[in-house]
Amino acid sequence: MNAPHTPASARPHLARRLGAEFLGTALLLTIVVGSGIAASTLSPDDVGLQLLENSTATALGLAVLILMFGPVSGAHFNPIVTLVDGVLGARRGTGLPLRDVLPYLVTQVTGAFAGTVLANVMFDVPTQIATTDRATGGRLIGEIVATAGLVFLIVALARSGRGVVTAAAVGAYIGAAYWFTSSTSFANPAVTIGRMFSDTFAGIAPGSAPLFILMQLIGGAIGLTAVVLLYPDASRRAGDVVVPTSVNPAL
């Protein structure tokens, strides 16, 4: 039996949710960028090993962050997920209230920048604009695939009330998508923007970022369309994306 969804009125105060989104997104970028810097330092001559180290740290770290912050904010850490949550539940009033969408987006982008700067500082790397051009045709298609799959996974898990496995499943998907997509699965506009400010293994040049974000939006729309077609009642559980927020007022 599916657990009851979290009504919007039972969500923690917006300030607490934004705090969780800021910290979660910041730590996610610290993990992504920091492990990328460490990988290029520890394995300077083996790009495959660098990617393995980077993807493993990201997959494990993302799962932990979802467990840490999910009960407060839903652990979106991703503007695409926030937009899908708001759109999916708008008609039924089950998703993220539309008035909260913009604050979530701004907080996620701000957190991404802060997390990237923190990673740079920890590894004594200057915070500067990245020069790695990633916007090739194949990589852009890879971003569509990665983002569509991520959205479909998250909403399908929420719809079926399997929040207990969401952290592990999302972490596993991102870890795998590092390898099966040509773009190494950014799948997140906030992550994309944050990674512009580290000219390291994890960086992306500003000239590539807008196209990556456009492909992520397209992928998000495709993922949402697939969910609506295969799970017509998914909007009933929009409030449980990525995981249900706590209904305990003490939190």
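Where is A75 found? A75 sits in the loop between α2 and α3, and the points below return to this residue after some remarks on the model as a whole.

1. Confidence. This is a predicted model, and the protein chain has an average pLDDT of 92, with 94% of the residues scoring at least 70. Two stretches call for caution: over residues 1-5 the pLDDT stays under 50, and the model has 11 contacts beyond four places in sequence for them; over residues 247-251 the pLDDT likewise stays under 50, and here the model has 6 such contacts.

2. Backbone at A75. The phi of A75 is near 60°, which is a positive value in a residue other than glycine. Most residues other than glycine have a negative phi. A75, in the loop between α2 and α3, counts as buried because its relative accessibility is 2%, a value under the 20% that bounds the buried class.

3. Backbone at A187 and G161. A187 is not a glycine either, yet its phi is positive, at about 55°. This residue belongs to the loop between α6 (166-180) and α7, and with a relative accessibility of 1% A187 counts as buried. A positive phi, near 70°, is also found at G161, the glycine that follows α5.

4. T184 in the loop between α6 and α7. The loop between α6 and α7 also holds T184, which is buried, with a relative accessible area of 16%. Leaving aside residues up to four places away in sequence, T184 touches L51, R134, A177 and Y178.

5. The salt bridge between α1 and α4. The structure holds 3 salt bridges, and one of them is formed by D100 with R17, whose closest N and O atoms are 3.1 Å apart. Because D100 lies in helix α4 (residues 98-122) and R17 in helix α1, the pair ties together parts that are 83 residues apart in sequence. Both partners, D100 and R17, are buried.

6. The salt bridge between α5 and the segment after α8. The side chains of R159 and D233 meet in a salt bridge, with an N to O distance of 3.0 Å. R159 lies in helix α5, whereas D233 lies in the segment after α8, so this pair ties together parts that are 74 residues apart in sequence. Both count as partly exposed: R159 has a relative accessible area of 26%, and D233 has a relative accessibility of 24%.

7. The network around D233. D233 also forms a salt bridge with R236, for which the closest N and O atoms are 3.6 Å apart. R236 is partly exposed, its relative accessible area being 41%. R159, D233 and R236 are thereby linked in a network of salt bridges.

8. Helix geometry. Helix α5, which contains R159, has 23 residues and reaches 33 Å from its first C-alpha to its last, close to the 33 Å expected at 1.5 Å a residue. Helix α8 (residues 209-230) has 22 residues and reaches 31 Å between its first and last C-alpha, close to the 32 Å expected on the same basis of 1.5 Å a residue.

9. Burial of α8. Which residues of α8 are buried? They are A209, F212, M215, Q216, G219, G220, G223, L224 and V227. What covers these buried residues includes α3 (79-89), α5 (137-159) and α7 (189-194).

10. A nonpolar surface patch. L23, L27, V64 and M68 make a nonpolar patch of about 340 Å² on the surface. Helices α1 (14-42) and α2 (47-73) each supply at least two residues of this patch. M68 has its place in helix α2 and is partly exposed, with a relative accessible area of 47%; M68 therefore passes the requirement of over 30% relative accessible area that applies to residues of a patch.

Terms used: Residues numbered from 1 in each chain as written. Predicted model: local features only at pLDDT ≥ 70, side-chain atom pairs only at ≥ 80, totals over all residues. Heavy atoms only, no water. Patch = residues over 30% accessible without salt bridge, like charges linked within 9 Å, V, L, I, M, F, W, Y side chains within 5 Å. Areas by Shrake-Rupley, 256 points an atom, 1.4 Å probe, with all protein chains shown as cover. Salt bridge = Lys/Arg side-chain N within 4 Å of Asp/Glu carboxyl O. Helix = DSSP H or I, 4+ residues; strand = E, 2+ residues; numbered from the N terminus. Buried < 20%, exposed > 50% of the residue type's maximum accessible area, 1.4 Å probe, protein only. pLDDT = per-residue confidence, 0-100. Contact = heavy atoms within 4.5 Å. Expected span 1.5 Å × (residues − 1).
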